Structure formats: structure tokens, C-alpha cells
Amino acid sequence: MKCFVIVAALLAATPALAVEGARAAPAPAPAAAAPEQANAAAPPSAADLLFEQPQLKNAAAGSTLTYDYLRRSGIAKGPFGPPLDDTIKLTLEPGTGGDGRNIAVEMFSGTNRFPAGPFEDMSGNPVIPLFLENHLTNLARVLQANPRYLKLAIRKGLRDGATVTPIKVDYKGRSVDAWQVVSRPFLGDGMAQRMRGMDNMTYTFVTSPEVPGEIVSIEAQSKNAEGGELLEERLSYDQKAG
């Protein structure tokens, strides 16, 4: 798998995340306004929420962030392969200071596992680009498409067409404020006819400053005209493990 910084650099709204070798922490960014504070004002941008915030500031060194991962397709013997139900684990250790963390990654387990990381002095949560890079690798293979073309479409969708909405989510028995980012980057795309019906792919990100690492969930989902699942790929923070 390519280094996650490729995706981060493509999707970031500023060059702050285009770091060499994934070793330098992003430049400090102002904290996004809490969802309840932004109701009366413009919400933060999708790029700011997902790629420019120091999301690990509330995740203690010495802790492990565990994310449940699921990929499945309703297509019999589909091109995405058999369902995959596994975990992604990020073990955090102190960085050189501030919000930076040194991160060891366990990308799936057993025979599903493949190398990812480690990363040094990261203040953003690498689970987003890790998820996207894995997703795009499989999507490009299935569609026989240029991965860069798909990445640029997602980049444009997040920058120009995403909706950001304040919502509530349940976290350890209480309701907390969160942001939901939704993007459909391939709708109306000039190459949509080559996407085998998956041009309606919807990406949904949920973040909350109340949750360690801030990433509550990520989902990529596409359905056919009859409502059948072409692809469901999702990741969610494991509150029991956290």
C-alpha cells in the first residue's frame, strides 16, 4: 500500500499536510468550532475537519485506538472479493512534543494483515487516509481505472461539493456533538459511464472532538437502481476498546 501521505496531500486544502515521508506534523491549525457553536454561523470546511485538525490532541500517548472495519458487496462472487470484517489499530506513543504522536499501525489481522506505517510525529489521525488509500486501491482495480483520477475526483468533491452538518452521536452512553461530512464526488462525472453503476458512491465521515482521535466513522457506499448493495465499506471507532 502506498504511503498514506499521498492521499492526505491530495485532499488537504493547504500544503501543510504534504509532509516528506509522513514524519513532520501538520502545521498547527485553529480548532474547528464546536458543532453547537457553529449552528448560527458557517460550518467548517470538510478539508479542515478531516485533514487539518490536530485530531490526536485528545488521544493520550500510550493508548490504542481501535476501529472496526467492514467491507461487503451484494454482488454474488463480486469483484471486491468475500466480505471482510476486521480491525485497524493505532498504538500511540509520545512524539517530540505538543500534539504529535508516534504511531504503530496494525492494518487488519491474521492473513488479512498488510504493512502500514509506522508514522512519526503525526497530529492528524492517519486512519482517514489509510481507509481511503485501501478503498481507492480496490476501487481502481475493480474499475480498471487510474487511481489518481479517482483521488482527484474525491479531492474535488470534498473541497467543492461536500455538505457539513452538525449532528449528535452516542458516545459511551451520552449524546455528544459531532460533524457529518457527506460527498458524492462521481455524480455527473464525465467518466461516470465507466463506473459500473458506482458513480453514486457516497462518502460519509463523522467526527467529534469528544471521541479520542475525533474520527467516529467513515463509510463508502454504493447501491444499484433497485437499492441493492454494490459496495458497503465502513469503519467505526470501537468505544469498548477505546
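Student: In what order do the elements of the protein chain run from the N terminus on?
Tutor: This is a predicted model, in which local features need pLDDT of at least 70, side-chain atom pairs count only at pLDDT 80 or more, and totals for chains, interfaces and linings use all residues. Residues are numbered from 1 along each chain as its sequence is written, and side-chain values use heavy atoms, with hydrogens and water left out. Helices (H or I, at least four residues) and strands (E, at least two) are DSSP runs, numbered from the N terminus. The order is α-α-α-β-β-β-β-α-α-β-β-β-β-β.

Student: Over which residues does pLDDT stay under 50?
Tutor: pLDDT is the predictor's confidence in each residue, from 0 to 100, and the protein chain averages 83. Where pLDDT is low, the predicted coordinates should not be read in detail. The stretch under 50 is residues 1-28.

Student: Which helix gives the most to the largest nonpolar core?
Tutor: A nonpolar core is a set of buried (under 20% relative accessible area, 1.4 Å probe, protein chains only) Ala, Val, Leu, Ile, Met, Phe, Trp, Tyr and Cys residues joined through side-chain atoms within 4.5 Å. The largest has 58 residues, of which Leu90, Ile128, Leu139, Phe186 and Phe205 touch the most other members. With ten residues, spanning part of 127-143, the main contributor is helix α4.

Student: What share of the 242 residues in the protein chain is buried?
Tutor: The same burial cut-off applies to the whole protein chain. Buried residues make up 48%.

Note on methods: Contact means heavy atoms within 4.5 Å. Buried means under 20% relative accessible area, exposed over 50%, partly exposed in between (1.4 Å probe, protein chains only).
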